[in-house]
Amino acid sequence: MSNEAKLELDGKSYTLPTLTGSEHEKAVDVSALRANTGYITIDDGYGNTGSCVSNITFIDGDKGILRYRGIPIEELAEKSNFIETAYLIIYGTLPTRAQLKVFSDQLTDHQFLHEDMKYHFQGFPTGAHPMAILSSMINAASCFDEGLMNWKWGKNQQFDTYVAKLTSQVRTIAAYSYRKSKGLPLIYPKQDYKYTANFLHMMFSMPYEDFELKPEVVKALDLIFLLHADHEQNCSTSTVRMVASSQANLFASCAAGVCALWGPLHGGANQAVLEMLDEIHRSGDDGSKFITAAKDKNSGKKLMGFGHRVYKNHDPRAKIIKVACDEVLSKLHITDPLLDIAKKLEEAALKDPYFVERKLYPNVDFYSGIIMRAIGIPVEMFTVIFAIGRMPGWIANYKEIMEEPKSRIYRPRQIYTGKTMNHYLPIEQRK
Ligand code: CMC
């Protein structure tokens with residue numbers, strides 16, 4: 001069987017090379033199509049376009065499979081933790097005990113921000129959205145490191161330091177963003193706290209009293225970070241790769257990823273889910289009116305937390321998080337009317353032909369918001385939590401671009417549909 005594709009175009013026939021991934025996914029390579037035929041391919045929303053080859057994450061959306069570096073998400077969720085998984089995603093293998101210690105020590109060494117960054121935080125108004133602060137401050141942090149500003153891939157060996165710095169500082173910046181948005185005093189990280197516990201400490205401790213760290217809360221948040229750690233070429237990761245392809249620095253590339261993540265169709269969905277559940281609850285609806293509205297294209301409503309570009313069977317992260325959600329709520333003895341509404345919505349949607357025919361299932365954001373609410377994370381921080389979790393994935397994708405010797409700047413083409421040749425009209429002749 002030939003592994004070339006045949007194309008008939010304008011009466012001529014062309015052959016196009018194909019390639020096959022390690023999980024047997026197949027692609028037709030159209031890189032030389034325009035040079036050979038004058039045609040480009042067009043693919044609205046990139047639904048059928050592979051923008052790169054990558055070794056990091058494998059997803060089979062039809063079967064509901066997600067693996068980081070080959071390891072199923074279910075195994076990692078059960079046996080690993082966020083920092084070990086972050087190492088796996090960034091460096092490609094599970095760390096030895098010694099490697100993990102070095103990585104953890106580096107995270108601790110780099111967790112403090114430059115003191116002058118405090119003045120930047122002060123410049124934001126109280127009430128500013130923490131995602132805006134997070135993106136700006138990740139970019140600003142690069143200005144406090146001359147080495148990073150002038151750094152070029154391959155010219156020095158600093159990359160591991162910058163990886164540790166960004167992984168660690170995104171958490172410090174995220175917590176400070178929240179404190180600033182509420183007008184609260186900033187709380188420094190503690191040397192002896194682990195990653196996720198330290199984040200909760202910086203979020204919720206007060207100068208006069210440390211926040212009580214409940215193990216089940218720390219565990220649930222760590223799981224949320226882990227489940228978000230990478231997801232191949234989604235909107236924010238593609239943005240990071242796009243910016244990285246211009247050889248922008250690591251912090252600038254990942255700050256762009258934060259902006260892409262913010263939107264309600266991507267990472268912002270977890271906040272949107274909670275707002276939707278709250279709206280349903282306050283209106284006295286049991287969810288059925290909302291489901292009807294979500295099916296009506298003119299209503300402007302969608303069932304937030306449902307549907308996915310890639311998963312057309314189930315989102316494996318949603319399955320894990322639903323179980324964790326029940327567990328945390330029962331351990332903390334919390335009953336949440338919004339959880340009841342979420343369960344009713346899920347049950348109704350999974351039976352409804354509109355959702356079934358379109359293969360719309362709950363995604364990771366459907367239940368993550370409820371857990372975060374249960375453990376006391378304010379709703380405006382939900383997408384920030386997603387950003388902290390996604391950082392290893394962004395870093396690994398950045399690294400992959402830099403390590404590829406043939407990497408080129410990302411520069412898609414377009415089909416122009418505007419005016420043809422036109423001329424400048426002096427202002428007095430314009431109507
Ligand atoms: N509620 C109601 N209808 C929907 C929904 C929804 N949540 N999602 C998709 N549809 C409909 C859509 O209107 C379209 O209908 P039709 O074929 O009649 O025109 C059909 O289903 C196919 O949808 P699509 O918009 O072509 O799907 P997409 O792949 O472009 O979008 C999505 C994927 C996730 C943006 C979309 O499903 C959505 O907006 N979901 C709600 C937002 C959300 O939960 N986002 C988080 C995604 S998971 C976290 C992450 O990885 O970012």
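Two strands count as paired if DSSP finds at least two bridges between them, and that cut-off is applied in the exercises below, which concern a predicted model.

**Exercise 1. The hairpin of E1 and E2**

Determine how strand E1 and strand E2 are paired, and find the bridge partner of Glu8.

Solution. Begin with the bounds: strand E1 covers residues 4-9, strand E2 covers residues 12-20, and the two run antiparallel over 6 bridges. Because at least two bridges are required for pairing, the 6 bridges between E1 and E2 satisfy the criterion. Within this ladder, Glu8 has Ser13 in E2 as its bridge partner. Finally, look at the connection, where 2 residues lie between the strands of the hairpin and Asp10 in the turn has a positive phi of about 50 degrees.

**Exercise 2. The open sheet**

Work out the strand order of the open sheet of 3 strands, and identify its edge strands.

Solution. The order is E4-E5-E6, with antiparallel pairing. Strand E4 (57-60) and strand E6 (71-72) are the edge strands, since each of them pairs on one side only. Turning to the contact of E5 with E6, strand E5 (residues 65-68) pairs with E6 in the antiparallel sense over 2 bridges, and Arg67 is found opposite Pro72 in E6.

**Exercise 3. An aromatic pair**

Describe the geometry of the aromatic pair formed by Tyr91 and Phe103, and locate both residues in the chain.

Solution. The structure holds 16 aromatic pairs, and one of them joins Tyr91 to Phe103 with 6.3 Å centre to centre and 90 degrees between the planes. Because planes over 60 degrees apart count as edge-to-face, the pair of Tyr91 and Phe103 is classed as edge-to-face. As to location, Tyr91 belongs to helix H3 (residues 82-91) and Phe103 to helix H4 (residues 97-109), so that the pair links parts of the chain 12 residues apart.

**Exercise 4. The ligand and its surroundings**

Characterise the shell of residues around the ligand, and list polar contacts made by Lys302, Leu303 and Asn363.

Solution. There are 18 residues around the ligand, of which His266, Lys302, Leu303, Gly305 and Arg309 come nearest. By class, the shell comprises 8 nonpolar, 5 polar and 5 charged residues. Next, take the contacts: a polar side-chain atom of Lys302 is 2.6 Å from a ligand oxygen atom, a polar backbone atom of Leu303 is 2.8 Å from a ligand nitrogen atom, and an N or O atom in the side chain of Asn363 is 2.9 Å from a ligand oxygen atom. Last comes the area, for the ligand taken alone exposes 940 Å², and the protein buries 75% of that.

Key:
Residues are numbered from 1 along each chain as its sequence is written. This is a predicted model: local features need pLDDT of at least 70, side-chain atom pairs count only at pLDDT 80 or more; totals for chains, interfaces and linings use all residues. Side-chain values use heavy atoms; hydrogens and water are left out. A residue is near a molecule or strand if one of its heavy atoms lies within 4 Å of it. A polar contact is a pair of N or O atoms within 3.5 Å; within protein, one must be able to donate a hydrogen and the other to accept it, and residues adjacent in sequence count only if both atoms are side-chain atoms. Accessible areas come from the Shrake-Rupley method with a 1.4 Å probe; for residues, only the protein chains shown count as cover. Ala, Val, Leu, Ile, Met, Phe, Trp, Tyr, Cys and Pro count as nonpolar, Asp, Glu, Lys and Arg as charged, and the others, Gly among them, as polar. Helices (H or I, at least four residues) and strands (E, at least two) are DSSP runs, numbered from the N terminus. Rings of Phe, Tyr and Trp (its six-membered ring) pair if their centres lie within 6.5 Å; planes under 30 degrees apart count as stacked, over 60 as edge-to-face and the rest as tilted.
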